[in-house]
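Reader: I've never looked at this one before. Could you walk me through it, one question at a time?

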Amino acid sequence: TLDRSSAASDVYKRQVADGSYIGKCTTSFMQVEVEVFVKDGKLQKIVLLNSKGFKGKDAESILDRMVAENKILVEPIKHEELYCIVFYVAVDDALR
């Protein structure tokens, strides 16, 4: 499950080492796999590697928002909330 505390949401507070990390989330309606790049305690880039069942037109932009704010739990994309949750969990999985 996703840790909803703001400290866990902020990448720099997790003290994540520089590198790239793979994470995934599988639900009954969607499966995604992401690669998360971290440098100097900051998200550099998040790449969607695989997706199945993904039909959200705008939800993928949540990944750019996470990078811009350097945290996982950012404001979800309106009308794409369920897809955003799957992305939250996949990125969280990568950084654990």
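Author: Sure, and let's start with a term we'll need: a residue is buried under 20% relative accessible area, exposed over 50%, and partly exposed in between. Keep in mind that this is a predicted model.

Reader: Okay, then is Ile85 buried, exposed or partly exposed?

Author: Ile85 lies in helix H4. Its relative accessible area is 43%, and partly exposed covers what falls between under 20% and over 50%. So Ile85 counts as partly exposed.

Reader: Let me step back a bit. In what order do the elements of the protein chain run from the N terminus on?

Author: The protein chain has four helices and three strands. Read from the N terminus on, the order of these elements is α-α-β-β-β-α-α.

Reader: And what share of the residues in the protein chain is buried?

Author: The protein chain has 96 residues. Those that fall under 20% relative accessible area count as buried. They make up 41%.

Reader: Which residues make a nonpolar surface patch?

Author: We've already met one of them, Ile85 in helix H4. The patch covers about 290 Å². Its members are Phe29, Leu82 and Ile85.

Reader: Phe29 caught my eye. What kind of aromatic pair do Phe29 and Tyr83 form?

Author: By the rule used here, there is one aromatic pair. Phe29 and Tyr83 form it, with 6.1 Å centre to centre and 70° between the planes. Planes over 60 degrees apart count as edge-to-face, so the pair of Phe29 and Tyr83 is edge-to-face.

Reader: How many residues apart are Phe29 and Tyr83?

Author: Phe29 is in the loop between strand S1 (19–26) and strand S2 (31–39), while Tyr83 is in helix H4 (residues 81–94). The pair links distant parts of the chain, and the two are 54 residues apart.

Reader: What about cover: is Tyr83 buried or exposed?

Author: Its partner Phe29, at 37% relative accessibility, counts as partly exposed. Tyr83 has 18%, and under 20% is the mark for buried. So Tyr83 is buried.

Reader: Which residue has its charged end over the ring of Phe37?

Author: Look for a charged end 4.9 Å from the centre of the Phe37 ring. A charge has to be within 6 Å of the ring centre to count as sitting over it. The residue you want is Lys45.

Reader: Now the loops. Which residue's backbone oxygen lies 3.2 Å from a polar atom of the Asn70 side chain?

Author: Asn70 sits in the loop between helix H3 (62–69) and H4. At 13% relative accessibility, Asn70 counts as buried. The backbone oxygen 3.2 Å from a polar atom of its side chain belongs to Gly41.

Reader: What is phi of Asp40 near?

Author: Asp40 lies in the loop between S2 and strand S3 (42–52), and it is exposed, with a relative accessible area of 61%. Most residues other than glycine have a negative phi. Asp40 has a positive one, near 55°.

Reader: And phi of His79, what is that near?

Author: His79 is in the loop between H3 and H4. At 65% relative accessibility, His79 counts as exposed. Its phi is positive too, near 70°.

Reader: Last one: how far apart in space are Asp64 and Ile46?

Author: Asp64 is found in helix H3 and is exposed, at 55% relative accessible area. In sequence, Asp64 and Ile46 are 18 residues apart. In space, C-alpha to C-alpha, they are 7.3 Å apart.

Terms used
Residues numbered from 1 in each chain as written. Predicted model: local features only at pLDDT ≥ 70, side-chain atom pairs only at ≥ 80, totals over all residues. Heavy atoms only, no water. Phe/Tyr/Trp six-rings, centres within 6.5 Å; stacked < 30°, edge-to-face > 60°. Buried < 20%, exposed > 50% of the residue type's maximum accessible area, 1.4 Å probe, protein only. Lys NZ or Arg CZ within 6 Å of the ring centre and 35° of its normal. Polar contact = N/O pair within 3.5 Å; in protein donor to acceptor, adjacent residues only side chain to side chain. Patch = residues over 30% accessible without salt bridge, like charges linked within 9 Å, V, L, I, M, F, W, Y side chains within 5 Å. Areas by Shrake-Rupley, 256 points an atom, 1.4 Å probe, with all protein chains shown as cover. Salt bridge = Lys/Arg side-chain N within 4 Å of Asp/Glu carboxyl O.
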